[in-house]
Amino acid sequence: MGEQVCRECHRILSGQTCPICGSSNLSSDWSGMVIIIDPERSEIAKKIDVKVADKYALKVR
């Protein structure tokens, strides 16, 4: 089973439940990735409303 993406917060994960939002609504059909290292100072993190440093998908289907 490859990496999946939470449909709620777009976080890329390998488990069955998202540790950030608690959702189990996951998708394996996604594209694009952004890695947020410092969400406090990142303009991209602010734009996509990310508050936790991690890997995120840009598009989830």
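User: How much of the chain over residues 3-61 is helix and how much is strand, and how far apart are the end C-alpha atoms?
Analyst: This is a predicted model. Residues 3-61 are 8% helix and 36% strand. The end C-alpha atoms of that stretch are 14 Å apart. UniProt, in an unreviewed entry, annotates residues 3-61 as "domain: Spt4/RpoE2 zinc finger".

User: What elements does the protein have, and in what order do they run?
Analyst: The protein has one helix and five strands. From the N terminus the order is β-β-β-β-α-β.

User: What makes the radius of gyration of the protein agree or disagree with a compact globule?
Analyst: Set the value against the rule. For 61 residues, a compact globule would come near 10 Å. The protein has 11 Å, so the two agree. Along its principal axes, the C-alpha trace spans about 35 × 20 × 15 Å.

User: What share of the residues counts as buried, and how much area does the protein expose?
Analyst: Of the 61 residues, 31% count as buried. The exposed area is about 4,100 Å². Carbon and sulfur atoms supply 50% of that area.

User: What share of the contacts between residues at least 6 apart in sequence joins residues at least 24 apart?
Analyst: The share is 38%.

User: Which residues does the record mark as "binding site"?
Analyst: The unreviewed UniProt entry places that feature at Cys6, Cys9, Cys18 and Cys21. They cluster in space, although they are spread over 16 residues of sequence. Their largest C-alpha distance is 8.7 Å.

User: Why is cysteine 6 called buried or exposed?
Analyst: Its relative accessible area is 0%. Buried means under 20%. Cysteine 6 is therefore buried. Its place is in strand E1, residues 4-6.

User: What does cysteine 6 contact, leaving aside neighbours within four places in sequence?
Analyst: Cysteine 6 is in contact with Arg11, Leu13, Cys18, Cys21, Ser23, Asn25 and Leu26. Two of these partners, Cys18 and Cys21, also carry the "binding site" annotation from UniProt.

User: Does the burial label for cysteine 18 rest on a value, and what is that value?
Analyst: The relative accessible area of cysteine 18 is 2%. The cut-off for buried is under 20%, so cysteine 18 is buried. Cysteine 18 lies in the loop between strand E2 (12-13) and strand E3 (26-27). Beyond four places in sequence, cysteine 18 touches Cys6, Cys9, Arg11, Leu13 and Ser23.

User: Why is glutamate 43 called buried or exposed?
Analyst: Glutamate 43 has a relative accessible area of 59%. Exposed means over 50%. Glutamate 43 is therefore exposed. Glutamate 43 sits in helix H1, residues 43-47. Glutamate 43 and glycine 2 are 41 residues apart in sequence, and their C-alpha atoms are 29 Å apart.

User: What is the phi of histidine 10, and why is its exposure label neither of the extremes?
Analyst: Phi of histidine 10 is about 70 degrees, a positive value although the residue is not a glycine. Histidine 10 lies in the loop between E1 and E2. Its relative accessible area is 27%. Buried is under 20% and exposed is over 50%, so histidine 10 is partly exposed.

User: What are the phi and the label of aspartate 49?
Analyst: Phi of aspartate 49 is near 60 degrees, positive in a residue other than glycine. The relative accessible area of aspartate 49 is 56%. The cut-off for exposed is over 50%, so aspartate 49 is exposed. Aspartate 49 is found in the loop between H1 and strand E5 (54-60).

User: How far apart are the mean positions of the positive and negative charges?
Analyst: The mean positions of the 9 positive and 8 negative charges are 4 Å apart.

Terms used:
Residues are numbered from 1 along each chain as its sequence is written. This is a predicted model: local features need pLDDT of at least 70, side-chain atom pairs count only at pLDDT 80 or more; totals for chains, interfaces and linings use all residues. Side-chain values use heavy atoms; hydrogens and water are left out. Helices (H or I, at least four residues) and strands (E, at least two) are DSSP runs, numbered from the N terminus. The radius of gyration is taken over C-alpha atoms; the globule rule is 2.2 Å times the number of residues to the power 0.38. Buried means under 20% relative accessible area, exposed over 50%, partly exposed in between (1.4 Å probe, protein chains only). Contact means heavy atoms within 4.5 Å. Accessible areas come from the Shrake-Rupley method with a 1.4 Å probe; for residues, only the protein chains shown count as cover. Lys and Arg count as positive and Asp and Glu as negative; His and the chain ends are not counted. The place of a charge is taken as NZ of Lys, CZ of Arg, CG of Asp or CD of Glu. UniProt positions are given in the numbering used here, feature names are shortened, and annotations may be inferred rather than shown by experiment.
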